[in-house]
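User: Could you take a close look at one part of this model for me, starting from the side chains and working out to the backbone around them? Keep it relaxed, but give me the numbers.

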Amino acid sequence: MDTILTSGQRNSCMEGLNLLKQLREKAGGRIEIMAGSGVNSKNIRDIFENTGITCYHMSGKVVVDSRMKYRNKRVNMGIEGFDEYKIFATSREEIEKAHSLILSI
């Protein structure tokens with residue numbers, strides 16, 4: 001095993017920063033600790049500064065309007081409470097921003 005992908009046993013890596021730091025220190029360079037779950041260009045510098053981790057897993061996710069043409073507001077075809085006219089998409093710009101930040105660290 002070369003890499004462990006983890007959020008620090010929390011719902012997001014920002015919540016798991018303490019454990020992520022401990023894992024990186026215990027790994028001692030033998031195993032790469034990869035931070036995941038909620039990594040984005042807005043928090044990647046904080047993750048690095050708080051943990052020393054330099055390996056990240058991210059989707060570059062943004063929410064965009066779906067291209068669905070017909071919309072019947074009287075019938076919910078998706079999950080209740082979730083806007084079925086919005087979709088998740090990977091943003092090239094978000095990935096490029098994160099990449100630039102990583103290179104500047």
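Analyst: Let's start with a charge and a ring: the charged end of Lys61 sits over the ring of Phe88, 4.8 Å from its centre. Keep in mind that this is a predicted model. If you go looking for ring-ring partners as well, you'll come up empty, since the structure holds zero aromatic pairs.

The strands around here are β4, covering 61-65, and β5, covering 86-90, and Ser66 is found in the loop between them. Is Ser66 buried or exposed? It comes out buried, because its relative accessibility is 11%, under the 20% cut-off. Skipping neighbours within four places in sequence, Ser66 is in contact with Arg71, Glu84, Tyr85, Lys86 and Ile87.

Ile79 lies in the loop between β4 and β5 too, but its setting is another matter. With a relative accessibility of 62%, Ile79 counts as exposed. For a sense of scale, pick Gly28: Ile79 and Gly28 are 51 residues apart in sequence, and their C-alpha atoms are 44 Å apart in space.

Now for the sheet. Three strands form an open sheet, ordered β1-β2-β3, and the pairing is parallel. The edges belong to β1 (3-6) and β3 (55-56), each of which pairs on one side only. Helix α1, residues 17-27, packs on this sheet and touches β1 and β2; its direction makes about 165 degrees with that of β2. Strand β2, residues 32-35, runs parallel to β3 and is joined to β3 by two bridges. To find the register, look at Ala35, which stands opposite Tyr56 in β3. As background, strands of a sheet pair through backbone hydrogen bonds, in either a parallel or an antiparallel way.

On the β1 edge, Thr3 is worth a stop; its place is in strand β1. Thr3 counts as partly exposed, because its relative accessibility is 35%. Beyond its neighbours within four places in sequence, Thr3 touches Ile31, Glu32 and Met34. Going much further along the chain, the C-alpha atoms of Thr3 and Ser104 are 101 residues apart in sequence and separated by 23 Å.

Next, the loop between β1 and α1, which is where Gln9 sits. Gln9 has a positive phi of about 60 degrees although it is not a glycine. That's the kind of value to notice, because most residues other than glycine have a negative phi. As for its surroundings, Gln9 counts as exposed at 69% relative accessibility.

Ser12 lies in that loop between β1 and α1 as well. Ser12 is buried, with a relative accessible area of 17%. Which residues does Ser12 contact once neighbours within four places in sequence are left aside? They are Ser7 and Ser37. The link to Ser37 spans 25 residues of chain, yet the C-alpha atoms of Ser12 and Ser37 are separated by 4.9 Å.

Ser37, in turn, belongs to the loop between β2 and α2 (44-51). Like Gln9, Ser37 has a positive phi although it is not a glycine, here about 75 degrees. Ser37 is partly exposed, with a relative accessible area of 35%, whereas its contact partner Ser12 is buried.

Last, the cysteines. How many disulfides does the structure hold? Zero. For Cys13, the nearest cysteine sulfur is that of Cys55, and it is 12 Å away. A disulfide calls for two cysteine sulfur atoms within 2.5 Å, so a separation of 12 Å rules this pair out. Looking from the other end, Cys55 is in no disulfide either, with the sulfur of Cys13 as its nearest. Both residues are tucked away from the probe by the accessibility count: Cys13 is buried at 0% relative accessibility, and Cys55 is buried with a relative accessible area of 17%.

Conventions: Residues numbered from 1 in each chain as written. Predicted model: local features only at pLDDT ≥ 70, side-chain atom pairs only at ≥ 80, totals over all residues. Heavy atoms only, no water. Buried < 20%, exposed > 50% of the residue type's maximum accessible area, 1.4 Å probe, protein only. Pairing = 2+ DSSP bridges. Helix = DSSP H or I, 4+ residues; strand = E, 2+ residues; numbered from the N terminus. Contact = heavy atoms within 4.5 Å. Axes fitted to C-alpha atoms, helices over the stretch in contact; angles between N-to-C directions. Phe/Tyr/Trp six-rings, centres within 6.5 Å; stacked < 30°, edge-to-face > 60°. Lys NZ or Arg CZ within 6 Å of the ring centre and 35° of its normal.
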